[in-house]
Amino acid sequence: MPIDPATAVAAEPRSAEISWDHKDVQLYHLGLGAGTPATDPDELRYTLESRLHVLPSFATVAGAGMGVVGGLSAPGIDIDLAAVLHGGQSITLHRPLPTGGRAVSTSRVAAVYDKGKAAVLVLRSEAADEDGPLWTSDASIFVRGEGGWGGDRGPSERLALPDRAPDATVERPIREEQALLYRLSGDWNPLHADPEFAKLAGFDRPILHGLCSYGITLKAVVDTVLGGDVTRVRSYRTRFAGIVFPGESLRIRMWAGDGRVQVAVTAVERADAPVLADTLVEHS
């Protein structure tokens, strides 16, 4: 089969130097919809270099997401990009991210799970600069049609939402061109831009990047619950439960308490169809 789990997990980690500057950070934030209203002081923290701070989810695109790209080309993996879907994402922050810098990113296939009709690759990326570790990132990648070899099914943890009304609910519109702007941060999968490719993957039209929804959601949590302070975020994880199309809106519900914010994200126009689930932000 195109995935050899033993070879993939045993392969030597790949390391590369990555770099970014304030323009990369600003472009990423704009791809998430930052800057509306353009003169809002709270939004200028995301868009103006003299006030800039870095949303922690920027780690998923710093250096053009070398961890995911490296993982999909690792030894033991030969797959069709049209069969690939991002299943989940987690980030652990070791300290606040600088607005510019250089780091060494080391990526490897941490695990391969057999889900029957699909395989799941856990691609781990760790970044460190001269001052020490910056972040650890795990991407769970579903590869449709590549399961069924009798391997470990892996974890299936679900995070139950609190049995009460959310502490905050916000809606975030997804602009028609948002996927086209977001992909300039380094995710060039044609699924998010090319209608013909999207049809091959089983969608009527291009879909928004899961990691764009991921970043939009973290920004909403930081702005709504954490007083706009990105440095309070310690970790952030989610499961991609469904898709969202450009032109739709996300409904983001938040439950806060004890250094944790649980989040549920749905597509407003499709009767609150799930988009992100099992979503947790841990903070100071």
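1. A charge is taken to sit over a ring if NZ of Lys or CZ of Arg is within 6 Å of the ring centre and within 35 degrees of the ring normal. In this predicted model, Arg-205 meets that description with respect to Phe-245: the charge lies over the face of the ring, at 4.0 Å from the ring centre. Lys-219 is placed likewise over the face of Tyr-46, at 4.6 Å from the ring centre.

2. Overall form. The chain contains 7 helices and 10 strands. Its radius of gyration is 18 Å, which agrees with the value near 19 Å that a compact globule of 284 residues would have. Along the principal axes, the C-alpha atoms fill a box of roughly 55 × 50 × 40 Å. Of the 284 residues in the chain, 49% are buried. Where contacts between residues at least 6 apart in sequence are considered, 72% of them join residues at least 24 apart.

3. Helix H2 and its surroundings. Which residues of helix H2 are buried? In this helix, which spans residues 22–31, they are Val-25, Gln-26, Tyr-28, His-29 and Gly-31. An α-helix has 3.6 residues a turn, so residues three or four places apart point the same way. The cover over the buried residues of H2 includes strand S1 (14–20) as well as the helices H3 (41–47), H5 (178–182) and H7 (210–224). After H2 comes Gly-33, with a positive phi near 100°.

4. Gln-178 beside the end of H2. Gln-178 belongs to helix H5. Is this residue buried or exposed? Its relative accessibility is 0%, and Gln-178 therefore counts as buried. A polar atom of its side chain lies 3.0 Å from the backbone oxygen of Gly-31. The backbone oxygen of Leu-32 is also addressed, with a polar atom of the Gln-178 side chain at 3.4 Å. Leaving aside residues up to four places away in sequence, Gln-178 touches Gly-31, Leu-32 and Gly-33, together with Pro-173, Leu-208, Cys-212 and Ile-216.

5. Aromatic pairs. How many aromatic pairs does a search of the whole structure find? The search returns 6. One of them joins Trp-20 and Phe-58 in an edge-to-face arrangement, with 6.2 Å centre to centre and 65° between the planes. This pair links distant parts of the chain, since Trp-20 is in strand S1 and Phe-58 is in the loop between H3 and helix H4 (66–72), 38 residues apart. Trp-20 and Phe-58 are both buried.

6. The tyrosine pair. The ring centres of Tyr-28 and Tyr-182 are 6.1 Å apart and the planes meet at 55°, so this pair is tilted. Planes over 60 degrees apart would count as edge-to-face and those under 30 as stacked. Because Tyr-28 lies in helix H2 and Tyr-182 in helix H5, the pair ties together parts that are 154 residues apart in sequence. Tyr-28 counts as buried because its relative accessibility is 0%; Tyr-182, at 2%, counts as buried as well. Ring pairs link both tyrosines with Trp-20, Phe-58 and Trp-135 into a cluster.

7. Glu-49 in relation to H2. Glu-49 is located in the loop between H3 and H4. Its relative accessibility of 49% is why Glu-49 counts as partly exposed; the exposed class begins over 50%. Glu-49 and Val-25 are separated by 24 residues in sequence, while their C-alpha atoms are 9.2 Å apart in space. Not counting residues up to four places away in sequence, Glu-49 touches His-22 and Gln-26.

8. Strand pairing around S7. Which strands pair with S7 in the antiparallel sense? Strand S2 (residues 84–93) pairs antiparallel with strand S7 (residues 233–240) over 5 bridges. Within that pairing, Thr-92 stands opposite Ser-235 in S7. S7 also runs antiparallel to strand S10 (residues 273–283), to which 6 bridges join it. Arg-239 has Ala-277 as its bridge partner in S10. In a regular strand the side chains alternate between the two faces of the sheet.

Note on methods. Residues numbered from 1 in each chain as written. Predicted model: local features only at pLDDT ≥ 70, side-chain atom pairs only at ≥ 80, totals over all residues. Heavy atoms only, no water. Buried < 20%, exposed > 50% of the residue type's maximum accessible area, 1.4 Å probe, protein only. Helix = DSSP H or I, 4+ residues; strand = E, 2+ residues; numbered from the N terminus. Contact = heavy atoms within 4.5 Å. Polar contact = N/O pair within 3.5 Å; in protein donor to acceptor, adjacent residues only side chain to side chain. Phe/Tyr/Trp six-rings, centres within 6.5 Å; stacked < 30°, edge-to-face > 60°. Pairing = 2+ DSSP bridges. Rg over C-alpha atoms; globule rule 2.2 N^0.38 Å.
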